[in-house]
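Visitor: I should like to learn how to read the features of a protein model. Could the Guide take me through them in turn?

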Amino acid sequence: MTDIENQRAGFAAIIGAPNAGKSTLVNRLTGSKVSIVTQKVQTTRFPVRGIAMEGDAQIVLVDTPGIFTPRRRLDRAMVASAWGGAQDADIVVHLIDAQSHINAEGREGTAADRRSAEDTETIIANLQATGTKVVLALNKIDGMRRDTLLALSQKLFESGVYSEVYMISAANGDGVEDLKQRLALSMPKGPWLYPEDQAADVPVRVLAAEITREKVYLRVHEELPYSAAVETTSFEDRADGSARIEQTIYVERESQRPIVLGKGGQTLKWIGQKAREELNEILGRQVHLFLTVKVDPKWQDSRALYAQFGLDFDV
């Protein structure tokens with residue numbers, strides 16, 4: 001513990017296009033599994049507060065959903081949540097996938113690269129309109145030429161919304177410590193908001209649901225579009241110290257149910273086993289996990305699910 005008179009605490013928001021690496025960066029800064037990380041974009045649906053310690057400073061990290069052009073009710077709620085998290089923060093970091101951004105300008109750029117660049121331009125335009133100054137972090141710099149990165153940095157700086165730039169690799173940690181020290185300096189003086197050994201401020205029912213949803217996407221990411229949600233319907237502390245958790249995996253169409261179940265239920269069994277193993281480790285006790293797959297074409301219109309993730313249904 002440090003002297004309470006020297007303590008600093010505040011909020012740092014990380015915004016960016018989907019798949020920029022925000023969840024990986026939060027996990028790297030906190031040194032623990034806080035946000036789910038999959039090869040699917042749009043896997044973060046609500047601001048997860050990871051808690052990072054740096055000297056006397058406690059940095060509460062708001063890991064926002066990716067900012068993109070919303071098309072559905074869920075999209076609108078996620079984007080509103082992301083901007084809301086940024087507005088409430090003491091410092092904002094705009095994370096950009098440097099390789100994808102450069103690819104988007106060349107022939108080798110994929111449709112995903114171009115969408116990412118378009119989303120980045122949307123974010124910059126919003127920052128310009130609100131007069132917001134943020135820190136730029138160029139991510140995924142592994143193997144990239146320094147002159148290429150400097151040229152990209154210069155071009156982005158001409159937008160007028162950045163105060164400084166950090167070049168990082170959230171995946172391997174390069175440059176992340178320097179960014180962390182910068183965030184710590186931005187925290188206002190005041191007592192810590194959370195216990196020193198706490199890594200996240202996420203309701204355990206929500207964390208459990210997110211861990212299972214990660215496993216769903218890891219296993220069936222190619223067959224299943226963004227049409228699945230997981231709800232923790234029951235969380236019971238048992239007398240022997242273990243926990244009994246019941247969850248429902250929602251899909252939108254009957255044809256998607258067999259994808260999650262798998263032949264002879266093997267896919268669902270794998271999802272349950274992997275989620276249970278991680279929950280055992282995170283909660284530090286034995287978890288009995290029971291999964292049900294339910295078809296609900298309108299799960300994205302469920303107020304209860306939005307409330308579970310702290311999203312505004314009416315945005």
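Guide: Let us begin with a term. Helices and strands are runs assigned by DSSP, with at least four residues for a helix and at least two for a strand, and they are numbered from the N terminus. Please keep in mind throughout that this is a predicted model.

Visitor: How many helices and strands does the protein have?

Guide: The protein has ten helices and nine strands. Lys140 is a useful residue to place among them, for it is found in the loop between strand E5 (134–139) and helix H5 (146–157).

Visitor: What should one note about the phi angle of Lys140?

Guide: The general idea comes before the case. Most residues other than glycine have a negative phi. In Lys140, phi is near 60 degrees, which is a positive value in a residue other than glycine. The relative accessible area of Lys140 is 31%, and the residue is partly exposed.

Visitor: How does one read the word "buried" for the protein as a whole, and what percentage of its residues count as buried?

Guide: A residue is called buried when its relative accessible area is under 20%. Of the 315 residues of the protein, 51% count as buried. The accessible surface of the protein comes to about 14,600 Å², and 48% of that surface belongs to carbon and sulfur atoms.

Visitor: What do the contacts say about residues that are apart in sequence?

Guide: Consider the contacts in the protein between residues at least 6 apart in sequence: 71% of these join residues at least 24 apart. A separate example is a distance between C-alpha atoms. Glu121 and Ala17 are 104 residues apart along the chain, and their C-alpha atoms are separated by 9.4 Å. Glu121 lies in helix H4 (residues 111–130) and, at 45% relative accessibility, counts as partly exposed.

Visitor: How does one read a single helix, and what length does helix H7 reach?

Guide: One compares the span of the helix with the expected span. Helix H7 (residues 204–220) has 17 residues and reaches 25 Å from its first C-alpha to its last, close to the 24 Å expected at 1.5 Å a residue.

Visitor: Why is H7 described as largely enclosed by the rest of the structure?

Guide: The reason lies in burial: 13 of the 17 residues of H7 are buried, so this helix is largely enclosed by the rest of the structure.

Visitor: How should I read a salt bridge, and how many are counted here?

Guide: Side chains of opposite charge can pair when their charged atoms come close. The count for this structure comes to nine salt bridges. Lys215 forms one of them with Glu214, where the closest N and O atoms are 3.0 Å apart. Lys215 counts as buried at 7% relative accessibility, and Glu214 is buried too, with a relative accessible area of 3%.

Visitor: With which other side chain does Lys215 meet in a salt bridge?

Guide: Lys215 also meets Glu278, at 2.8 Å from N to O. Lys215 lies in helix H7 and Glu278 in helix H9, so the pair ties together parts that are 63 residues apart in sequence. Glu278 counts as buried at 15% relative accessibility. Glu214, Lys215 and Glu278 are thus linked in a network of salt bridges.

Visitor: Which residues does Thr267, also in helix H9, touch?

Guide: Thr267 is found in helix H9 (residues 266–283). Leaving aside residues up to four places away in sequence, Thr267 touches Arg219, Val220, Ile259, Val260, Leu261 and Gly262. Thr267 is buried, with a relative accessible area of 9%.

Visitor: What sits over the ring of Phe290?

Guide: The charged end of Arg244 sits over that ring, 4.2 Å from its centre. Arg244 also takes part in a salt bridge with Glu246, the closest N and O atoms being 2.2 Å apart. Arg244 counts as partly exposed at 23% relative accessibility, as does Glu246 at 29%.

Visitor: How many aromatic pairs does the structure hold, and which residues form them?

Guide: The structure holds one aromatic pair. Phe157 and Tyr162 form this pair, with 6.2 Å from centre to centre and 50 degrees between the planes, and it is tilted. Phe157 is partly exposed, with a relative accessible area of 28%, whereas Tyr162 is buried, with a relative accessible area of 3%.

Key
Residues are numbered from 1 along each chain as its sequence is written. This is a predicted model: local features need pLDDT of at least 70, side-chain atom pairs count only at pLDDT 80 or more; totals for chains, interfaces and linings use all residues. Side-chain values use heavy atoms; hydrogens and water are left out. Buried means under 20% relative accessible area, exposed over 50%, partly exposed in between (1.4 Å probe, protein chains only). Contact means heavy atoms within 4.5 Å. Accessible areas come from the Shrake-Rupley method with a 1.4 Å probe; for residues, only the protein chains shown count as cover. The expected span of a helix is 1.5 Å times one less than its number of residues. Rings of Phe, Tyr and Trp (its six-membered ring) pair if their centres lie within 6.5 Å; planes under 30 degrees apart count as stacked, over 60 as edge-to-face and the rest as tilted. A charge sits over a ring if NZ of Lys or CZ of Arg is within 6 Å of the ring centre and within 35 degrees of the ring normal. A salt bridge is a side-chain nitrogen of Lys or Arg within 4 Å of a carboxyl oxygen of Asp or Glu.
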